[in-house]
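Work through the exercises below with the sequence and the coordinates side by side. Each task is followed by a solution that goes step by step.

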Amino acid sequence: MIDIYFFLMLAVYATSVGFYFIGFLKNNQKVTRLAFWLLSIVWVSQTALLVLRTIEFGRFPVMTVFEGMFFYVWILVSISLIVHWMYLSGLLQAFINLLGWALLLTYTLAPEGNISTRLMELFIFELLFVHVTFLILSYAVFTISFGFSMLYFLQHHLLKRKLWGKWMGKIGDLYKLEKWSYRFALVGFPMLAGGLILGVIWSFQTVGYVPWLDSKVLTSLLVLLSYGFYLFQYIVNSRRGYGMVLVNIASFLVVLINYFLSSLFTNFHIW
């Protein structure tokens with residue numbers, strides 16, 4: 001039954017993403033609104049599943065890499081629905097949810113099951129829960145910041161090549177795109193910093209040390225430094241423009257390395 005549930009969710013999600021692209025290309029607000037309502041159905045379905053799995057496992061399901069991935073997609077969908085009202089682009093929502101759909105498909109194909117009793121006995125649940133949640137929230141917010149930066153990148157090259165047309169008006173002006181990219185990065189940075197601090201505290205209380213040379217720890221610190229450098233240049237040095245957008249995009253690539261590649265080489269983290 002759960003397989004059918006996920007199949008239908010994936011189908012509705014894919015349809016929503018397709019409608020967002022069509023609505024943008026055809027400049028059709030009716031299609032974009034339909035995409036929004038389909039995405040709302042996906043959000044309700046994901047929320048219901050989160051509640052059911054919380055009841056089933058007796059904990060909030062974010063303690064494995066795949067559970068964290070599902071929660072990450074839920075956050076992306078939630079923010080995308082909010083962004084729909086704040087910034088009705090269609091293209092941004094399409095890109096965000098294309099990534100979300102791919103991650104949800106990965107989660108669907110992942111093995112099921114709860115974490116082991118031994119691991120559950122090792123951690124201080126509340127501290128680890130907040131640590132993981134803060135980090136996932138920061139990744140989701142950084143994803144939105146990355147989306148605005150990619151729109152800036154696209155608009156910049158359209159202007160540079162003098163490809164005038166209706167595309168430019170749909171994407172938005174460079175100033176607003178850069179501003180929203182900065183705002184989301186600014187929100188995500190303290191979430192990331194707070195999550196890392198809680199992780200250090202949890203590590204000391206459970207194993208007595210912090211594995212600073214662990215790949216997940218190193219890349220997490222690199223993410224913090226990358227966005228710290230971006231925000232420092234933006235706020236203190238008042239740097240703006242294409243170069244700063246490239247810094248933001250590069251910082252998000254570090255996030256992807258942290259979340260996916262470093263997980264393959266860590267012996268300490270379970271997600």
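The exercises that follow concern a predicted model, and they go from the whole chain to single residues and then to empty spaces.

**Exercise 1. Determine the secondary structure content of the protein chain and how much of the chain is buried.**

Solution. Begin with the count of elements, which gives 10 helices and 0 strands in the protein chain. Reading along the sequence then yields the pattern α-α-α-α-α-α-α-α-α-α. Next, take the burial of the residues: of the 271 residues in the protein chain, 49% count as buried. Finally, consider the contacts between residues at least 6 apart in sequence, of which 79% join residues at least 24 apart.

**Exercise 2. Decide whether asparagine 97 is buried or exposed, and find the partner of its side chain in a polar contact.**

Solution. First place the residue: asparagine 97 belongs to helix H4, which covers residues 91-109. Then apply the cut-off, under which a residue is buried below 20% relative accessible area; asparagine 97 has a relative accessibility of 0% and therefore counts as buried. For the partner, look at the side chains, where a polar contact of 3.0 Å joins asparagine 97 to tyrosine 13. Leaving aside residues up to four places away in sequence, the residues that asparagine 97 touches are Tyr13, Val17, Tyr20, Leu39, Val77 and Ser80.

**Exercise 3. Compare the span of helix H10 with the expected value, and then describe the setting of valine 254.**

Solution. Helix H10 runs over residues 242-261 and has 20 residues. From its first C-alpha to its last it reaches 28 Å, close to the 28 Å expected at 1.5 Å a residue. Buried residues of H10 include Met244, Val245, Asn248, Ile249, Phe252 and Val255. Valine 254 also lies in this helix, and because its relative accessible area is 13%, under the 20% cut-off, valine 254 is buried. As the last step, list its neighbours: apart from residues up to four places away in sequence, valine 254 touches Thr219, Leu222, Val223 and Ser226. One of these, leucine 222, is 32 residues apart from valine 254 along the chain, yet their C-alpha atoms are separated by 7.3 Å.

**Exercise 4. Characterise the second largest pocket by its volume, its lining and the elements that contribute to that lining.**

Solution. The volume comes first, and about 250 Å³ of space lies in the second largest pocket. This pocket is lined by 13 residues, and the closest to its centre are Phe95, Ile96, Phe146, Gly147 and Met150. Sorting the lining by element shows that H4, helix H6 (125-160) and H10 each give two or more residues. The largest share of the lining, 6 residues, comes from H6. Sorting the lining by class instead gives 11 nonpolar, 2 polar and no charged residues.

**Exercise 5. Find how many cavities of 30 Å³ or more the structure holds, and identify which residues line the largest cavity.**

Solution. A search of the whole structure returns 1 cavity of 30 Å³ or more. About 40 Å³ of space lies in the largest cavity, and its lining consists of Tyr72, Tyr139, Val255, Leu256, Tyr259 and Phe260. Assigning these residues to elements shows that H10 gives the most, with 4 residues. The classification closes the exercise, with 6 nonpolar, no polar and no charged residues in the lining of the largest cavity. Val255 and Tyr259, which are part of this lining, are also among the buried residues of H10.

Key: Residues numbered from 1 in each chain as written. Predicted model: local features only at pLDDT ≥ 70, side-chain atom pairs only at ≥ 80, totals over all residues. Heavy atoms only, no water. Buried < 20%, exposed > 50% of the residue type's maximum accessible area, 1.4 Å probe, protein only. Polar contact = N/O pair within 3.5 Å; in protein donor to acceptor, adjacent residues only side chain to side chain. Contact = heavy atoms within 4.5 Å. Expected span 1.5 Å × (residues − 1). 1 Å grid on protein atoms, 1.4 Å probe; cavity = no way out; pocket = protein on both sides within 12 Å on 5 of 7 lines; lining within 4 Å. Points joined across faces, edges and corners; volume = space filled by probe spheres on them. Nonpolar A, V, L, I, M, F, W, Y, C, P; charged D, E, K, R; others polar.
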